[in-house]
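This report looks at one helix and its surroundings, and then at the chain as a whole. Please keep the sequence and the model at hand while reading.

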Amino acid sequence: MTSREISAFAAEEERRVLSLKPVLAPGHGRYGDHPHQVYDAWPSDDPDAPLVVLLHGGYWRYDRMHLTPFAAYLAEQGFSVLLPGFRRSGGAGGYPETFDDVARIVDTLPAGRPYVLAGHCSGGHLALWCAARGLLPATSAWHTTRLPPAVLALAPLTDLQATRRDRLSDDAALQLLGGPDRFAQRLAHVDPLTLLERAGTTGVRTVLLHGAADEEVPLTQFADYAAVHHDLETVVLPGTGHYTLIEPGAPGARAVADQLRRLYDEASKRRPVATGATATARPETEEGTSRP
């Protein structure tokens, strides 16, 4: 997905995982009127099955189809899985639409159930941002106290300034925030690392899992985020690259399933009143609030 130089190991991993045939979900739904405001569902027959809301990667540009094999794999492991789409950079999305959609997803789709919010790569960035929405000014339309019960960020982009500096995926961060003239002003509202610098925690149970052999996202992104998130748990998988985390049946994917199950069990025992989602769609703007 980038123009960087990578090893033969990383190139083969990327080719192998991204060439997997998409899997058709047994269920589908909508959370808004735009064509991208849809989701795929792998519901479990067990009403007590762990629920996972899965945010796909692709540098905020690509669609969710490459993550359908992994979503189906999680369903086979006993999870109930929701895989939403959202408006994306380079088309109908970017700032603010991508963030409007992701906020609406976590505020509506779980319908009050305990769940784990998971995301891979740029989806991990969006999951970490959701956990940090309580740190936004109360005047922001994205501010909320109904935070995800738990977050699992898989090889996430955590630092949009570093993403811009390293020109990852041909300046994907600049495209997301609307170009260099708007980047600095918008950064403070959507960058997980920036939001955490003063607070030190989101208050959300958060695990960052990545492979030690990741060549897609620089390892410094993970270390720099851990340095400002004081109660973050970091799990590092030796000999594991970026894409094997979402490769069905691979050791990395099995480790992800184990973490999801552990986080869900913890969240189910806590079930704080202020945490969870409402069953009614949240409007993109509310009276008395403003989008930065």
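In this predicted model, the buried residues of helix H3 pack against three strands, E3 (51-55), E4 (80-84) and E5 (116-120), and against three helices, H4 (122-131), H6 (172-177) and H7 (180-190). Those buried residues are Thr-98, Phe-99, Asp-100, Asp-101, Val-102, Ala-103, Arg-104, Ile-105, Val-106, Asp-107 and Thr-108. Because 11 of the 12 residues of H3 are buried, the helix is largely enclosed by the rest of the structure.

How far apart are the end C-alpha atoms of H3? They lie 16 Å apart, which agrees with the 16 Å that the 12 residues of the helix (residues 97-108) should span at 1.5 Å a residue.

The protein chain around this helix has 10 helices and eight strands. Its radius of gyration is 17 Å, close to the 19 Å that the globule rule gives for 292 residues, so the chain is as compact as a globular protein of that length. Further values for the protein chain are set out below.

| Property of the protein chain | Value |
|---|---|
| Span of the C-alpha trace along its principal axes | about 55 × 50 × 40 Å |
| Buried residues, of 292 residues | 58% |
| Exposed area | about 11800 Å² |
| Part of the exposed area from carbon and sulfur atoms | 51% |

Among contacts between residues at least 6 apart in sequence, 78% join residues at least 24 apart. As for charge, the protein chain carries 28 positive and 35 negative charges, and the mean positions of these two sets are 3 Å apart.

Notes
Residues are numbered from 1 along each chain as its sequence is written. This is a predicted model: local features need pLDDT of at least 70, side-chain atom pairs count only at pLDDT 80 or more; totals for chains, interfaces and linings use all residues. Side-chain values use heavy atoms; hydrogens and water are left out. Helices (H or I, at least four residues) and strands (E, at least two) are DSSP runs, numbered from the N terminus. The expected span of a helix is 1.5 Å times one less than its number of residues. Buried means under 20% relative accessible area, exposed over 50%, partly exposed in between (1.4 Å probe, protein chains only). Contact means heavy atoms within 4.5 Å. The radius of gyration is taken over C-alpha atoms; the globule rule is 2.2 Å times the number of residues to the power 0.38. Accessible areas come from the Shrake-Rupley method with a 1.4 Å probe; for residues, only the protein chains shown count as cover. Lys and Arg count as positive and Asp and Glu as negative; His and the chain ends are not counted. The place of a charge is taken as NZ of Lys, CZ of Arg, CG of Asp or CD of Glu.
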